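Work through the following exercises with the structure open beside the text. Each one sets a task and then gives a solution in steps.

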Amino acid sequence: MNDKIKDSEANRFSGRVRRYARVGTNMGGLAARMAGTRFFGGDADHDRNAAELAAALGGLKGPLMKVVQLLATIPDAVPPEYATEFAKLQANAPPMGWAFVKRRMTAELGTGWQKRFASFEHEPAAAASLGQVHRAVHTDGRNLACKLQYPDMESAVEADLNQLGIIFSIHRRTKPAIDTREIAKEIGARVREELDYYREARHTKLYDSIFADNDQVRVPEIVDELSTKRLLTMGWLEGRRLLEYREHSLEERNVVAETLFKAWWYPFSHYGVIHGDPHLGNYTVFEEDGRPAGMNLLDYGCIRIFPPEFIKGVVDLYTGLRDNDDERVVHAYERWGFKGLTKDVIEILNVWARFIYGPILTDRVRTMADGVSPSEYGRKEAFQVHKALKERGPVTVPREFVFMDRAAIGLGGVFLHLGAELNFYQLFNSQIEDFDIDVVARRQREALAETGLSLEAVATQQ
């Protein structure tokens, strides 16, 4: 892959203007109304504003859709009325047509691009917020997945992040429970990374290296000669969607859930890497003899690489909560970067921590949420945290925490949809058995260097 080719779709003023034209009027009008009611003593109709904003965003491609769904999982990142509406949004904008596909493929691979494939399907197999995927066949017979980025996404990202800043800045004026500035930095950095398919290719190779000796987890092979910054070509992995297993036997659902648990926690506990977007569409299940045998991991745009110190904090917080070791719990929060940790604030943070860690704190077979529905998962705890922090002033959430929190909520939701019943305590403890921060640091350095990421991958994510 050659990343020195002149970029004709870099962040451009004209592209940002077009994006503002699509969402700016609605966003600007809402912002003015929200700010006005705040400054002039009126009562903001948050339900109305949230519903209007969700309607304005509902048909859009691009990063703003992805971002607002993320915000719905973080307690008090936005007003609760907005979180409720954002959680309902789906990335269901219609795919781009064949004319776009031909233009994109020609721009990335040249005018003779079709001769480089034995076949290339006109209709996309999947469409998401930043791009769409087409099935194809290599001239050597390999089945391929070609991921094409939508046009002018870099400009859309910058425009959308600027619009997001409006929501954050207005929310800060209402004296929220959480200071969102670090959250905004983290979201901006991660969404910008998702536009770089060179980086996603390296992330994919990183996971391929991590699971090289694991027959239960499959990672697509990157086809470098057919990939660019905005076209990612990889091997097609056959599998069935996770939700197809909801009506299967408990035994089969448990096999799927246990494999997914290990596929997520093993990279984190051993290499300091997480798959930061664990929604249902990013996994499929492959079968052997008509039974689930393992997991296909399909998307690597949102990969978060953590410094080993952060991993140590996660382990310390878990063991502190498990063993009622208050000193270790406090040290874990400090290791993560929380400031101003009074006794009251620590108790509030522990409400959320015990929710996140809840399924892995008790040595028994259970569902992920003990009877709570997927739609209500975390709602009660988020409300408790919001209410308590509101009385004590805003807490600044360290940026590394943002995607860890989001991933934990997303993963828990998947297990709830599957209705799995597992001993999550034993599964988790098997992942952190003999944990050693120095060993994790060494593994991480070696794996990153092997896949061309090196330690800059960690440095640039801070």
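**Exercise 1. Determine which helices the buried residues of α15 pack against, and decide how far α15 is enclosed.**

Solution. In this predicted model, begin with the buried residues of α15, which are Phe424, Tyr425, Leu427, Phe428, Asn429, Gln431 and Ile432. Next, follow their contacts outward: these residues pack against α9 (250–271), α10 (308–322) and α14 (399–418). Finally, set the buried residues against the length of the helix: seven of the nine residues of α15 (residues 424–432) are buried, so the helix is largely enclosed by the rest of the structure.

**Exercise 2. Decide whether tyrosine 357 is buried or exposed, and find which residues it touches.**

Solution. Tyrosine 357 belongs to helix α12, which covers residues 343–357. Its relative accessible area is 5%, and because the cut-off for a buried residue is under 20%, tyrosine 357 counts as buried. Leaving out residues up to four places away in sequence, the contacts of tyrosine 357 are Val314, Leu317, Tyr318, Leu321 and Trp336. For one of these, leucine 317, the separation from tyrosine 357 is 40 residues in sequence and 9.1 Å in space, taken from C-alpha to C-alpha.

**Exercise 3. Examine the salt bridge between lysine 147 and glutamate 200, and state which parts of the chain it ties together.**

Solution. A search of the whole structure returns 24 salt bridges. In one of them the side chains of lysine 147 and glutamate 200 meet, with an N to O distance of 3.0 Å. Lysine 147 is in strand β4 (residues 143–149) and glutamate 200 is in helix α8 (residues 197–210), so the pair ties together parts that are 53 residues apart in sequence. As for accessibility, lysine 147 and glutamate 200 are both buried.

**Exercise 4. Contrast the salt bridge of glutamate 186 and arginine 190 with that of arginine 291 and glutamate 251, taking position and accessibility into account.**

Solution. In the pair formed by glutamate 186 and arginine 190, the closest N and O atoms are 2.8 Å apart. Both residues lie in helix α7 (residues 181–194), four residues apart, about one turn of the helix. An α-helix has 3.6 residues a turn, so residues three or four places apart point the same way. Glutamate 186 is buried at a relative accessible area of 0%, and arginine 190 is likewise buried, at 1%.

In the second pair, the side chains of arginine 291 and glutamate 251 meet at 3.3 Å, N to O. This pair links distant parts of the chain, with arginine 291 in strand β11 and glutamate 251 in helix α9, 40 residues apart. Arginine 291 is partly exposed at 40% relative accessibility, whereas glutamate 251, at 53%, counts as exposed.

As a last step, look for shared partners: salt bridges of this kind join Glu186, Arg190, Glu193, Arg199, Arg304 and Arg399 into one network.

**Exercise 5. Locate asparagine 324 and aspartate 434, and describe the sign of phi in each.**

Solution. Asparagine 324 has a phi near 55 degrees, a positive value in a residue other than glycine. Aspartate 434 also has a positive phi, near 60 degrees. Most residues other than glycine have a negative phi. Turning to location, asparagine 324 lies in the loop between α10 and α11 (326–336), while aspartate 434 is placed in the loop between α15 and α16 (437–450). Asparagine 324 counts as exposed at 59% relative accessibility, and aspartate 434 counts as exposed at 72%.

**Exercise 6. Identify which residues form a negative surface patch, and place aspartate 289 within the chain.**

Solution. The patch is formed by Asp213, Asp215, Glu288 and Asp289. Of these residues, take aspartate 289, which lies in the loop between β10 (283–288) and β11 (291–297). Its relative accessibility is 80%, so aspartate 289 counts as exposed.

**Exercise 7. Describe the chain as a whole.**

Solution. The secondary structure consists of 17 helices and 13 strands. Of the 462 residues in the chain, 53% are buried. Among contacts between residues at least 6 apart in sequence, 74% join residues at least 24 apart. The accessible surface comes to about 20300 Å², and 49% of that surface belongs to carbon and sulfur atoms.

Key: Residues numbered from 1 in each chain as written. Predicted model: local features only at pLDDT ≥ 70, side-chain atom pairs only at ≥ 80, totals over all residues. Heavy atoms only, no water. Patch = residues over 30% accessible without salt bridge, like charges linked within 9 Å, V, L, I, M, F, W, Y side chains within 5 Å. Areas by Shrake-Rupley, 256 points an atom, 1.4 Å probe, with all protein chains shown as cover. Salt bridge = Lys/Arg side-chain N within 4 Å of Asp/Glu carboxyl O. Lys, Arg positive; Asp, Glu negative; His and termini not counted. Charge placed at Lys NZ, Arg CZ, Asp CG, Glu CD. Helix = DSSP H or I, 4+ residues; strand = E, 2+ residues; numbered from the N terminus. Buried < 20%, exposed > 50% of the residue type's maximum accessible area, 1.4 Å probe, protein only. Contact = heavy atoms within 4.5 Å.
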